[in-house]
Amino acid sequence: MTETMRELPAAGPDGRARATALAQVEALSERIEPTSVVSYQSWGRLLVIGPEDAARSAARQVREELDCTLFVPGEDSPHPASLDGIPVIRGGKPVLKGRLGAFEAGTAAGTEDEPQSLSRTLDSLPEKFDLVLDLGEQPLLTQEIPPPGYYAPGDDEALARALEELPQMRGEFEKPKFFEFDPEICAHGRSGLKGCTRCIDACPTLAISSAGEVVHVDPFLCQGAGSCVAACPTGAMTYAFPGVDDLLGLLRDVLNSYREAGGEAPCLLFHDGWSRSAVLEGYGPAMPERVLPVQVEEVGSIGLEAWLASLAYGAAAVRLVVTRGTPERVLKELEEQIRFGRAILEAMGLSGESLGLVTAGEPADWDALPESAAGRPAKFSAPDDKRTILRLAIDHLHRHAPSAKRVAPLPAGAPFGEIKVDKDACTLSMSCVSVCPAAALQAGGDLPQLKFVEWNCVQCGLCEKACPEDAITLHPRILFDSEARQSARILHEEEPFCCIVCGKPFATQSVLDRMTAKLQGHWMFQSEDAMRRLQMCDTCRVKDMFQAERASGGPGTPS
């Protein structure tokens, strides 16, 4: 914590308590376990893309420090040339992907053509470039946060900054690996079906892509925005800089210190380095002394479980500081999570204003902050598990809520809810059970039953897509009865149909009826014996067929 932080106003008891509590924030860096790093290697191979005069002018300014190549797009087929000793590719539609130290550039004549590497046009060019300066009217890479090593200035001032920085981008560079991913609980897909795509939709760097049944995160493109972590309903994606358990341990200590020092109704104000000056210099003198600024790596990584746990630990409110430059995908995900959180709080009779955003540089409505915390502060230690933290926080808040409902609807997309089954359509095929990534749907063992554990359900929709009878619909809601929420309940069951020979249960009556109806017109099931075998288990069916062949002198008859 810097001296600027310590110099926040402390005229009243809340301010003095804040000064005491914020001393705890210094412990955050000490609590962060060392994280793995991602390394980039740049040899200074720069590709300049754009109109010839602009590209040549830019290359001349950095050619002493960097190995430059020019790519001048055009309608003609790409062909090599040279300007002032600098290799040039003229013609072709540019195609680009990659990141610092590994940009792949090529050309394509049409939108569906396979790109051709620039090195095929001119053999002396490298397969990959380390840096790219894109001077075209429209950037080739459109993600909100471009990859390291890619510069698309857009104006003269930004171009001057880029040309000053580019020569420094040689050598080896490291950054933290911000995320951890557990594919075992990823709800992206099963059995060729696509379910949850929230992390893909929330990533402003386009570092996350579908990889069949799970997602793939490119650690070189990831720059730690954290919105994937806030979006992930199962906790498969976690932030490692710091982990949520470390962060919540710190926040619990900060809030305890604040109360012990005589402060009341604290509000946590999360901000990152981009908005630090706006918080401390812009808001600092005017914001209430009960507002405690806490700097994190990225506000986008602080999700619903951290907000609700903070309220359970005794915060009256949580505010997240965003900027005008916050990526749209990050902002959209934060707003979505706040909508879910407010619906949960309001269903308990608590103020939805306990959660909200503050835009740096714009007036903040401090008067909207709730005047008191939601009951007695919780003492639970936060595990490193998103769903468990949510359960502990919601259960604590519910116990101290003034007028809680037993169940309440939530907005579409919320990661909590039930599924409803059309019992007339369901045949208990268990296709839904086989694709459920969270064990929310379970089979009844030896009994034809479909069971459901509501707390496990993340509303990914895989069961709905897998059901061959279209018998399943999703219903986002929050069930506050903790015991009912975590207990398996039967959604649908039928009496088992028993084999007419041995008496072994092997199907349900509805399955047998559907099978009989479908096969009545089939040439292989025109005899009474063939239809009767449908009512036998596999073992008895095979025996009956063998006996019939022997009786008729067929292939099964011994010679």
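Select α11 (304–312) together with α13 (residues 386–399) in this predicted model, and look along the place where the two helices meet: their axes come within 9 Å and cross at roughly 35°. The crossing in which α11 passes α13 is left-handed. To see what fills the contact, show the side chains of Leu304, Glu305, Leu308, Ala309, Leu311 and Ala312 on α11, and those of Lys386, Ile389, Leu390, Ala393, Ile394, His396 and Leu397 on α13. Coloured by class, the residues of this contact of α11 with α13 divide into ten nonpolar, one polar and two charged.

Keep α13 selected and hide its partner for a moment. The end C-alpha atoms of this helix of 14 residues are 20 Å apart, which agrees with the 20 Å that it should span at 1.5 Å a residue. Which residues of α13 are buried? They are Lys386, Arg387, Ile389, Leu390, Ala393, Ile394, Asp395, His396 and Leu397, a set that includes Lys386, Arg387 and Asp395 as well as Ile389 and Leu390. To follow their surroundings, bring back α8 (227–231), α9 (244–260), α11 (304–312), α12 (328–347), β25 (472–479) and α16 (482–486), against which the buried residues of α13 pack.

From that group, take α12 next and view it with α11. These two helices pack at an angle of about 40°, with their axes 10 Å apart, and they are therefore oblique to each other. The crossing of α11 and α12 is right-handed. On the α11 side the contact is made by Leu304, Trp307, Leu308 and Leu311, and on the α12 side by Leu334, Gln337, Ile338, Phe340, Gly341 and Leu345. By class, the contact of α11 with α12 holds eight nonpolar residues, two polar ones and no charged ones. Leu304, Leu308 and Leu311 of α11 are worth labelling here, since they take part in the contact with α12 and also appear in the contact with α13.

Now step back along the chain to Ile302, in the loop between β18 (291–295) and α11. Is this residue buried or exposed? Its relative accessibility is 4%, so Ile302 counts as buried. Leaving aside residues up to four places away in sequence, Ile302 touches Leu247, Phe270, Val296, Trp307, Leu320 and Leu334. Two of these neighbours have already been on screen, Trp307 of α11 and Leu334 of α12. For a long-range reference, draw a line from Ile302 to Leu46: the C-alpha atoms are 37 Å apart in space, and the residues are 256 apart in sequence.

The next stop returns to α9, this time with helix α2 (residues 13–22). The axes of α2 and α9 come within 8 Å and cross at roughly 145°, and α2 passes α9 in a right-handed crossing. Display Asp14, Ala17, Arg18 and Ala21 of α2 with Val254, Ser257 and Tyr258 of α9, the residues that make the contact. The classes in this contact of α2 with α9 are four nonpolar, one polar and two charged residues.

Turn then to Ala152, which lies in the loop between β9 (150–151) and α6 (156–165). With a relative accessibility of 34%, Ala152 counts as partly exposed. Apart from residues up to four places away in sequence, Ala152 touches Asp134 and Pro139, and its C-alpha atom is 6.1 Å from that of Leu135, a residue 17 places away in sequence. Moving on into helix α6, select Glu165, which is partly exposed with a relative accessible area of 36%. Between Glu165 and Val62 the C-alpha distance is 10.0 Å, although 103 residues separate them in sequence.

Finish with two backbone conformations. Most residues other than glycine have a negative phi. Leu428, in the loop between β22 (417–421) and α14 (431–435), has instead a positive phi near 60°, and its relative accessibility of 11% means that Leu428 counts as buried. Where is the place of Gln459? Look in the loop between β24 (449–453) and α15 (462–466); Gln459 also has a positive phi, of about 60°, although it is not a glycine. With a relative accessible area of 13%, Gln459 is buried.

Conventions:
Residues are numbered from 1 along each chain as its sequence is written. This is a predicted model: local features need pLDDT of at least 70, side-chain atom pairs count only at pLDDT 80 or more; totals for chains, interfaces and linings use all residues. Side-chain values use heavy atoms; hydrogens and water are left out. Helices (H or I, at least four residues) and strands (E, at least two) are DSSP runs, numbered from the N terminus. The expected span of a helix is 1.5 Å times one less than its number of residues. Buried means under 20% relative accessible area, exposed over 50%, partly exposed in between (1.4 Å probe, protein chains only). Contact means heavy atoms within 4.5 Å. Axes are lines fitted to C-alpha atoms, for helices over the stretch in contact, and angles run from 0 to 180 degrees between N-to-C directions. Angles under 35 degrees count as roughly parallel, over 145 as roughly antiparallel, 65 to 115 as roughly perpendicular and the rest as oblique. A crossing is left-handed if the near helix is turned anticlockwise from the far one by less than a right angle, and right-handed if clockwise. Ala, Val, Leu, Ile, Met, Phe, Trp, Tyr, Cys and Pro count as nonpolar, Asp, Glu, Lys and Arg as charged, and the others, Gly among them, as polar.
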